[in-house]
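Please look through the structure below with its sequence at hand. The paragraphs after it go from an enclosed space to the strands and then to a single side chain.

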Amino acid sequence: MKKILFLHDPLSAIPDTLLSSLVNLASADHSHVKVLLLGRFFFYGGISYYGDPAIPVTQPVPTRVPETTDLKIKMDQAELQQLKASIKALEERLTAAGIKFGYSEEAVSLDAIMKESAYADLIIADALLNVPGPVHPSPNVSVRELLADAHCPVLLLREGDMPPDRIMLTYDGSYSSMQAIRSFSYLFPNLRYIPSFVVYVSGKEQKEPADLHYLKDWLPLHFDDLTIEVLPGEPADVLPAFAGKVSGSTLAVMGAYGRSALSRLFRQSLANAILEKANASLFVTHER
């Protein structure tokens, strides 16, 4: 059993494949889902990301929705209907699948998401989800950027239902990449039968990682259908190309957002390259 945080903007239509994936993953081990509502009515100021000082927002709207007077005042009729329909669809699917769920009881901020992540096993979100700024005009913030410092693994889903057709385990010889592979195997033991590929991108000086033999000893204990690929080139080109070279859905697993600013920028661009160029889902975590 896991505690899953699901990030959702109820003013945007939830893709059916994303909802199916959430249900499938939560049903596998009777997980509990906590829905964190995002969007301009639910995501508030005091957030350093929006600048210094942060954009001020008056009177945050409670997330116990959709019937509050405040929401009816602040939302137009179309937005209110969209919110009701979105929440109803989510509740109906989770209830029909017998999944226990709840909502955040107060306004969600970046700090609140980070705090929640320390007491959760997994965050699931649409990889294309943007969090609108709390007032207009304001910048949209990619959920990928918001979750750079999450304290638990993050699963960003794209097209295709779970389970995927294949799993791409990205490995660069670092403890961070090994931690990601290990976390994935522990969280999803039911996916061990999916065809899996360990992909290492070799450099000019090192054709394969020195500790690859340790990984080869460990992998068969957790993955049943496994292939190891050592490929030349640049990771930002090789990994998306490998993930998208055949039809069907791919889930990429990678360590991400290292402690240094330089490492964070590198990992973030690589994660974005996989999501955007390969149309793949992405499981990311990092060693702390």
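How do the residues of the lining of the second largest cavity divide into nonpolar, polar and charged? The model is a predicted one, and the lining in question divides into three nonpolar, four polar and two charged residues. Leu 157, Met 162 and Pro 164 are in this lining, and so are Glu 159, Gly 160 and Asp 161. Ser 249, Thr 250 and Ser 281 complete the list. The space inside comes to about 40 Å³. In total, the structure holds two cavities of 30 Å³ or more.

Two of the lining residues, Leu 157 and Ser 281, lead to the strands. Leu 157 belongs to strand β7, which covers residues 154–157, and Ser 281 belongs to strand β12, residues 281–285. These two strands pair in the antiparallel sense, over three bridges. Within that pairing, Leu 155 has Phe 283 of β12 as its bridge partner.

On its other pairing, β7 runs parallel to β4, with four bridges between them. Ile 123 is matched with Val 154 of β7, and Ala 125 with Leu 156. Both faces of β7 are covered: Val 154 and Leu 156 are buried on one side, Leu 155 and Leu 157 on the other.

Strand β4 spans residues 122–126, and five of its five residues are buried, so the strand is largely enclosed by the rest of the structure. In a regular strand, side chains alternate between the two faces of the sheet. In β4, Leu 122, Ile 124 and Asp 126 are on one side, while Ile 123 and Ala 125 are on the other, and both faces are covered. Asp 126 is thus listed among the buried residues of this strand.

β4 also pairs with strand β1 (residues 3–8), again in parallel, through three bridges. Here Ile 4 stands opposite Leu 122.

β1 also contains His 8. Is this histidine buried or exposed? The relative accessible area of His 8 is 5%, and the cut-off for buried is under 20%, so His 8 is buried. Its side chain makes a polar contact of 2.7 Å with the side chain of Ser 86. Apart from neighbours within four places in sequence, His 8 is in contact with Ser 86 and with Ile 14, Val 35, Leu 36, Leu 37, Leu 38 and Leu 90. Ser 86 therefore appears both as a contact of this buried histidine and as its polar partner.

Note on methods: Residues numbered from 1 in each chain as written. Predicted model: local features only at pLDDT ≥ 70, side-chain atom pairs only at ≥ 80, totals over all residues. Heavy atoms only, no water. 1 Å grid on protein atoms, 1.4 Å probe; cavity = no way out; pocket = protein on both sides within 12 Å on 5 of 7 lines; lining within 4 Å. Points joined across faces, edges and corners; volume = space filled by probe spheres on them. Nonpolar A, V, L, I, M, F, W, Y, C, P; charged D, E, K, R; others polar. Buried < 20%, exposed > 50% of the residue type's maximum accessible area, 1.4 Å probe, protein only. Pairing = 2+ DSSP bridges. Polar contact = N/O pair within 3.5 Å; in protein donor to acceptor, adjacent residues only side chain to side chain. Contact = heavy atoms within 4.5 Å.
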